[in-house]
Amino acid sequence: AARPGTAAGRGRPACGAACRRPLGRVRGGCVHSRYMALTIIMTVLGSVAVVIGLIGCVVPILPGPIVSYLALVLISLAGGWDLYTVATLIILAVLAVGTTVMDSVLPAVSSRRAGAGRAGVWGSVLGMLIGTVFFPPFGMIIGAFAGALVFEIIFNPENRAPLKAAMGVFKGTVLATLLKIVAAGVIGFYFVHGTVRAFASL
């Protein structure tokens with residue numbers, strides 16, 4: 001019979017009751033602490049990805065929803081790919097990619113319909129970024145419109161209806177940004193849900 005505190009009588013320490021994973025016994029002792037450390041690391045990295053993703057929904061150089069989606073991959077690497085169903089991962093991936101694509105399409109379509117140029121789109125994005133940083137929470141909306149209007153007047157002087165153009169750019173930019181924020185928020189919710197499940201399985 002095996003001695004107390006050993007596995008199969010070979011002198012190896014047995015895992016505690018808290019170690020519930022299939023690989024609970026390995027040479028050298030319990031791997032529960034290793035899974036715990038890995039889960040903590042991936043949780044921290046995933047949280048950073050979610051925050052950066054939300055920032056990227058406003059900053060044009062970052063694909064916010066896609067960065068947020070990386071958090072799901074990180075926590076799945078630690079907690080196992082059974083934290084989410086395949087359908088959930090696919091739907092959230094499509095949501096992340098789709099809203100990122102729409103971020104390029106909506107402002108362009110809206111600005112063309114309003115007769116605005118590319119300068120108006122960039123002005124709207126820049127104004128929204130400045131407004132978000134320095135004049136939250138309504139600075140994003142005011143900045144998007146003001147930036148589009150100023151850039152249209154400066155860089156597109158032949159446009160005789162800069163106010164109409166700015167309004168068109170404003171609508172497309174804000175709508176695209178809101179869609180990205182919603183997508184990143186939904187992904188962040190599933191990340192928290194998966195993190196709770198990962199720690200519960202330790």
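## G168 and its contacts

G168 touches S110, S111 and A114, with residues up to four places away in sequence not counted. The model is a predicted one. G168 sits in helix α6. Its relative accessible area is 8%, so G168 is buried.

What separates G168 from P107 in sequence and in space? The two are 61 residues apart along the chain, yet their C-alpha atoms lie 8.1 Å apart.

## T173, also in α6

T173 is another residue of helix α6. Is T173 buried or exposed? T173 counts as buried because its relative accessibility is 3% and the cut-off for buried is under 20%.

Beyond neighbours up to four places away in sequence, T173 touches P107, S124, V125 and M128. P107 belongs to the stretch 86–114, which is α3. S124, V125 and M128 fall within 118–134, the span of α4. T173 is also paired with S111 across a sequence gap of 62 residues, at a C-alpha to C-alpha distance of 9.2 Å. S111 appears again among the contacts of G168.

## V182, the exposed case

V182 lies in helix α6 as well. Its relative accessible area is 53%, so V182 is exposed, the cut-off being over 50%. V182 and T99 are 83 residues apart in sequence. Their C-alpha atoms are 9.3 Å apart in space.

## The largest pocket

The largest pocket has a volume of about 410 Å³. Which of its 19 lining residues are closest to the centre? They are D103, S104, P107, V121 and W122. P107 is also a contact of T173.

Three helices, α3 (86–114), α4 (118–134) and α6 (162–200), each give at least two residues to the lining. The largest share is that of α3, with six residues. By class, the lining holds ten nonpolar, five polar and four charged residues.

## The largest nonpolar core

Nonpolar side chains tend to be buried together in soluble globular proteins. In this model, the largest nonpolar core has 14 residues. Those with the most contacts inside the core are Y69, L72, I75, Y84, I187 and F191. At least two residues each come from α1 (32–56), α2 (64–79), α3 and α6. Which helix gives the most to this core? It is α2, with four residues.

Y69 shows how the sequence folds back on itself here. Leaving aside neighbours within four places in sequence, Y69 is in contact with L89, L92, A93, A96 and I187. Of these contacts, I187 is itself among the core residues with the most contacts inside the core.

## S76 in α2

S76 lies in helix α2. With a relative accessible area of 1%, S76 is buried, because that value is under 20%. Its contacts, not counting residues up to four places away in sequence, are W81, L83 and Y84. Y84 is one of the core residues with the most contacts inside the core.

## F151 in α5

F151 is placed in helix α5, which spans residues 139–155. Is it buried, partly exposed or exposed? The relative accessible area of F151 is 21%, so this residue is partly exposed. Buried would need a value under 20%.

With neighbours within four places in sequence set aside, F151 is in contact with A119, G120, G123, L126 and N156. A119, G120, G123 and L126 lie in the span 118–134, that of α4. F151 and G117 are 34 residues apart in sequence and 9.2 Å apart from C-alpha to C-alpha.

## The chain as a whole

The secondary structure of the protein chain amounts to six helices and two strands. In sequence order, the pattern runs β-β-α-α-α-α-α-α. Both strands therefore precede the helices, as numbering follows the chain from the N terminus.

The protein chain has 202 residues, and buried residues make up 40% of them. Contacts reach far along the sequence. Among those between residues at least 6 apart, 63% join residues at least 24 apart. The exposed area is about 11300 Å². Carbon and sulfur atoms supply 73% of that area.

Technical notes
Residues numbered from 1 in each chain as written. Predicted model: local features only at pLDDT ≥ 70, side-chain atom pairs only at ≥ 80, totals over all residues. Heavy atoms only, no water. 1 Å grid on protein atoms, 1.4 Å probe; cavity = no way out; pocket = protein on both sides within 12 Å on 5 of 7 lines; lining within 4 Å. Points joined across faces, edges and corners; volume = space filled by probe spheres on them. Nonpolar A, V, L, I, M, F, W, Y, C, P; charged D, E, K, R; others polar. Buried < 20%, exposed > 50% of the residue type's maximum accessible area, 1.4 Å probe, protein only. Contact = heavy atoms within 4.5 Å. Areas by Shrake-Rupley, 256 points an atom, 1.4 Å probe, with all protein chains shown as cover. Core = buried A, V, L, I, M, F, W, Y, C linked by side-chain atoms within 4.5 Å.
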